[in-house]
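Work through the exercises below with the sequence and the model side by side, and try each task before reading its solution.

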Amino acid sequence: MKLKALVNSLDHTNKRYFLLTVTPKGYYPDELDSKGIEEQIITHPNDYTYLYEEDEPEITHKTAFRLFILKHINDKYKISEHKLHPVRRLRENEVILYFTIDHYYDTVRSGISEMNEDKTIKEGSEKGKAVLEKYPLSDFEYGFVAVGRELEELNLLVNIEFKSNDNYMFNHIYIN
């Protein structure tokens, strides 16, 4: 299967959540300053979602994002070194690869389409190139994190609606 090879070339650690954060250069969130990213990427930050009981709204999307997701995508500050350790930044070919995988999981794996793998890979590659045109690497940072499926709090991602604007984008893929 070609797609499995593509997934492994992006991250070979068998992590199952791929998180992509796109920000203008110099505005990527870190542990000391989230730079208000949640306001930029969450469609309804003050809406409530559930944590424990499905029909019981318990926590706002903004708070859930800050508590459970932001810690994974932030650049990490090492106090002992007085140095910021950034999360992995993607290169052009990796951005295209990410959106190729994303397109496959949005269409074929979700059952929306019965496209063959080659056609899906081609369309996903075109989608990645379109994203790079809108958010060029010269002006934007593409932070990428692969996280294990054992982190159940990341299941909140399905309950939060994310948006893209001219300066920010957040995307996630669950690899099953």
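**Exercise 1.** Find where Lys35 lies, and decide what sets its backbone apart and how far its side is open.

*Solution.* Begin with the position: in this predicted model, Lys35 lies in the loop between E1 and H2. Next look at the backbone, where Lys35 has a positive phi of about 55° although it is not a glycine. Finally take the accessibility, which is 26% for Lys35, and because buried means under 20% and exposed over 50%, Lys35 counts as partly exposed.

**Exercise 2.** Place Ser34 and Leu32, and say for each whether it is buried or exposed.

*Solution.* Start with Ser34, which is found in the loop between strand E1 (17-24) and helix H2 (37-41). Its relative accessibility is 18%, so Ser34 counts as buried. If neighbours within four places in sequence are left aside, Ser34 is in contact with Pro29 and Leu70. Now turn to Leu32, whose place is also in the loop between E1 and H2, but whose relative accessible area of 65% makes it exposed. As a last step, relate Leu32 to Asp11: the two are 21 residues apart in sequence, and their C-alpha atoms are 27 Å apart in space.

**Exercise 3.** Which residues does His61 contact, leaving aside its neighbours within four places in sequence?

*Solution.* First locate the residue: His61 lies in helix H3 (residues 61-73), and with a relative accessibility of 6% it counts as buried. Then list the contacts, which are Ile42, His44, Pro45, Asp47, Tyr48, Thr49, Asn159, Ile160 and Glu161. For a separate check on distance along the chain, take Leu157, which is 96 residues from His61 in sequence, while the two are 9.5 Å apart in space, C-alpha to C-alpha.

**Exercise 4.** How many aromatic pairs does a search of the whole structure find, and what is the geometry of the pair formed by Tyr98 and Phe144?

*Solution.* The search finds 9 aromatic pairs. For the pair of Tyr98 and Phe144, the centres are 6.3 Å apart and the planes stand at 80°, an arrangement that is edge-to-face. Now place the two partners: Tyr98 lies in helix H4 (residues 92-107) and Phe144 in strand E7 (residues 140-147), so this pair ties together parts that are 46 residues apart in sequence. Both partners can then be checked for accessibility: Tyr98 is buried at 0%, and Phe144 is buried at 3%.

A second pair can be treated in the same manner. The ring centres of Tyr135 and Phe140 are 5.2 Å apart and their planes are at 90°, so this pair is edge-to-face. Tyr135 is buried, with a relative accessible area of 2%, and Phe140 counts as buried at 9%. To finish with the rings, note that Phe18, Tyr98, Phe99 and Phe144 form one aromatic cluster, and that the charged end of Arg89 sits over the ring of Tyr28, 4.0 Å from its centre.

**Exercise 5.** Describe helix H5, and work out why its buried residues can be said to line one face.

*Solution.* Take the length first: H5 (residues 117-134) has 18 residues and reaches 26 Å from its first C-alpha to its last, close to the 26 Å expected at 1.5 Å a residue. Then collect the buried residues, which are Glu117, Thr120, Ile121, Gly124, Ser125, Gly128, Val131 and Leu132. Seen down the axis of H5, these fall within an arc of 135°, so they line one face of the helix. On the other side, Lys122 and Glu133 are exposed. The buried residues of H5 pack against helix H1 (2-10), H4, E7 and strand E8 (169-174).

**Exercise 6.** Which members of the largest nonpolar core touch the most other members?

*Solution.* This core holds 25 residues, and those that touch the most other members are Leu10, Phe18, Leu90, Tyr98, Ile101 and Tyr142. At least two residues of the core come from each of H1, E1, H4, H5, E7 and E8, and H4 gives the most, with 8 residues. To follow one member, take Ile101, which, leaving aside its neighbours within four places in sequence, is in contact with Leu3, Leu6, Val7, Leu10, Phe18, Ile173 and Ile175. Apart from this core lies another, of 23 residues, among them Tyr28, Ile59, Phe65 and Ile160.

Key:
Residues numbered from 1 in each chain as written. Predicted model: local features only at pLDDT ≥ 70, side-chain atom pairs only at ≥ 80, totals over all residues. Heavy atoms only, no water. Helix = DSSP H or I, 4+ residues; strand = E, 2+ residues; numbered from the N terminus. Buried < 20%, exposed > 50% of the residue type's maximum accessible area, 1.4 Å probe, protein only. Contact = heavy atoms within 4.5 Å. Phe/Tyr/Trp six-rings, centres within 6.5 Å; stacked < 30°, edge-to-face > 60°. Lys NZ or Arg CZ within 6 Å of the ring centre and 35° of its normal. Expected span 1.5 Å × (residues − 1). Arc of directions from axis to C-beta. Core = buried A, V, L, I, M, F, W, Y, C linked by side-chain atoms within 4.5 Å.
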